[in-house]
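Reader: I'm new to reading protein structures, and I'd love a close look at one part of this one. Could you walk me through a sheet and what surrounds it?

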Amino acid sequence: MAVVAESAIRSDDQLSGTGAGRDQEFQSDVKKLVDLLSKLNPSAKEFVPSSRAGVLAADGRQAGGHRLSADAPVFVSSAEYYGNGGSGGDGSIKDSSSDGSSGNQNNQQQRRRRNGYNQGRRRMSERARRAQKEESIRRTVYVSDIDQHVTEEHLAELFSYCGKVVDCRVCGDTNSLLRFAFIEFADDYGARAALTLGGTMLGFYPVRVLPSKTAILPVNPTFLPKSDDEKEMVTRTVYCTNIDKKVTQMDVKIFFNKYCGEVSRLRLLGDHVHKTRIAFVEFIQAESAIIALSCSGMFIGDLPIRVSPSKTPVRPRVTRQQFAN
């Protein structure tokens, strides 16, 4: 019995010691909390009703004259935290106690709206371009079996009786001595009227006129002739395509000098994207340019070339020194 009583006394002592430790820990936590709360300013913005909220002065004083303790936690209003009057980009009020996740969500939503708007604009512009191209095709006719001596001016003059001609582009054909052309009218009525001219004798051959399946690629207006002298240069210039990349500028010049006449200026162009090159060849005599049109289908290197009248002159290159002056 004495042993049992002693064990019970020890258990009671242990329990009382544990309870005392818990009381001390609780009192310590309460003391810390009281110490923290004592440093708070009850006149700070977060604790003042909106109806009575004043404006902080530049020195940090509230309208009531109270000042925060030196080691007190700093509270920032939502307007100061987000930097735009406390509202998000969509006009919603943000809470200053938040961790910024709502702001990130709003920014993401704005980005999505912006991306969607830009994609919508791109789709609309693509539709507009497609519609413009289809409308241009309806206003264009394809003319084939054109005599070598027929110029774009002759062709435009003939088809001007059907309607206003906006553009006329004569091209060389590698499979025939004859050429073909695309003629674009101001409206589709002119294009439909032009179909009735099929079989008309132009030069020594009757031309064929069909609805076009492609639109005429516009010429950069900065390349077009700007003076009477440049217009005269265009009559002596041809546009040559499908030139073998192994061919040099001297090879092209020797070819046209031999078969057409003396070349005044030549510009051979190419890049790493296209498999062939192009050239603008200016002759001394306009007759040489007309002869050059019959060279379509002839080989320079391993490929047959295509020759058509040029719409742009071969302008002299501007050196860096001239540009600097």
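**A sheet and its surroundings**

Author: Happy to! Let's start with an open sheet of four strands, whose order is 8-9-7-12 and whose pairing is antiparallel. Strand 8 and strand 12 are the edge strands, each of them pairing on one side only. From one strand to the next, the twist averages 20 degrees. Please keep in mind that this is a predicted model.

As a general point, the strands of a sheet pair through backbone hydrogen bonds, and they can be parallel or antiparallel. Here, strand 7 and strand 9 run antiparallel and are joined by five bridges. To find one spot on that seam, look for Cys240, which stands opposite Ala279 in strand 9.

Now bring in a helix. Helix 7, made of residues 249-259, lies across strand 7, strand 8, strand 9 and strand 12. Its direction runs at about 140 degrees to that of strand 8.

Next, let's see how these strands take part in a pocket. The largest pocket has a volume of about 1100 Å³. Its lining is made of 35 residues, and those nearest its centre are Arg169, Tyr239, Thr241, Ile278 and Phe280. Which elements give two or more residues to this lining? They are strand 2, strand 7 (237-243), strand 8 (263-269), strand 9 (277-283) and strand 12 (306-309). Strand 12 gives the most, with four residues. Sorted by class, the lining of the largest pocket has 17 nonpolar, 11 polar and seven charged residues.

There is a second pocket to visit as well. The second largest pocket holds about 520 Å³ of space. It is lined by 21 residues, and closest to its centre are Glu152, Glu153, Val234, Pro309 and Ser310. Helix 4, helix 6 (228-235), strand 7 and helix 8 (286-292) are the elements that give two or more residues to this lining. By class, the lining of the second largest pocket has 10 nonpolar, six polar and five charged residues.

Strand 2, which helps line the largest pocket, leads us to another sheet. Four strands form this open sheet in the order 2-3-1-6, with antiparallel pairing. Its edge strands, each pairing on one side only, are strand 2 (165-171) and strand 6 (208-211). The twist in this sheet averages 20 degrees from one strand to the next. Strand 1, residues 140-146, runs antiparallel to strand 6, and four bridges join the two. One residue to look for is Ser144, whose bridge partner in strand 6 is Arg208. Helix 4 (residues 152-159) packs on this sheet, where it touches strand 1, strand 2, strand 3 (179-185) and strand 6. The direction of helix 4 makes about 135 degrees with that of strand 2.

Finally, a word on the cysteines. How many disulfides are there? The count comes to zero, with a disulfide taken as a pair of cysteine sulfur atoms within 2.5 Å. Cys171 is in no disulfide, and the nearest cysteine sulfur, that of Cys168, is 9.3 Å away. Cys295 is in no disulfide either: the nearest cysteine sulfur belongs to Cys260 and is 3.5 Å away.

How values were computed. Residues are numbered from 1 along each chain as its sequence is written. This is a predicted model: local features need pLDDT of at least 70, side-chain atom pairs count only at pLDDT 80 or more; totals for chains, interfaces and linings use all residues. Side-chain values use heavy atoms; hydrogens and water are left out. Two strands pair if DSSP finds at least two bridges between them. Axes are lines fitted to C-alpha atoms, for helices over the stretch in contact, and angles run from 0 to 180 degrees between N-to-C directions. Contact means heavy atoms within 4.5 Å. On a 1 Å grid over the protein atoms alone, a cavity is a set of points where a 1.4 Å probe fits but cannot get out, and a pocket is an open set with protein on both sides within 12 Å along at least five of seven lines; lining residues have an atom within 4 Å of a point. Grid points are joined across faces, edges and corners, and a volume is the space filled by probe spheres set on the points. Ala, Val, Leu, Ile, Met, Phe, Trp, Tyr, Cys and Pro count as nonpolar, Asp, Glu, Lys and Arg as charged, and the others, Gly among them, as polar.
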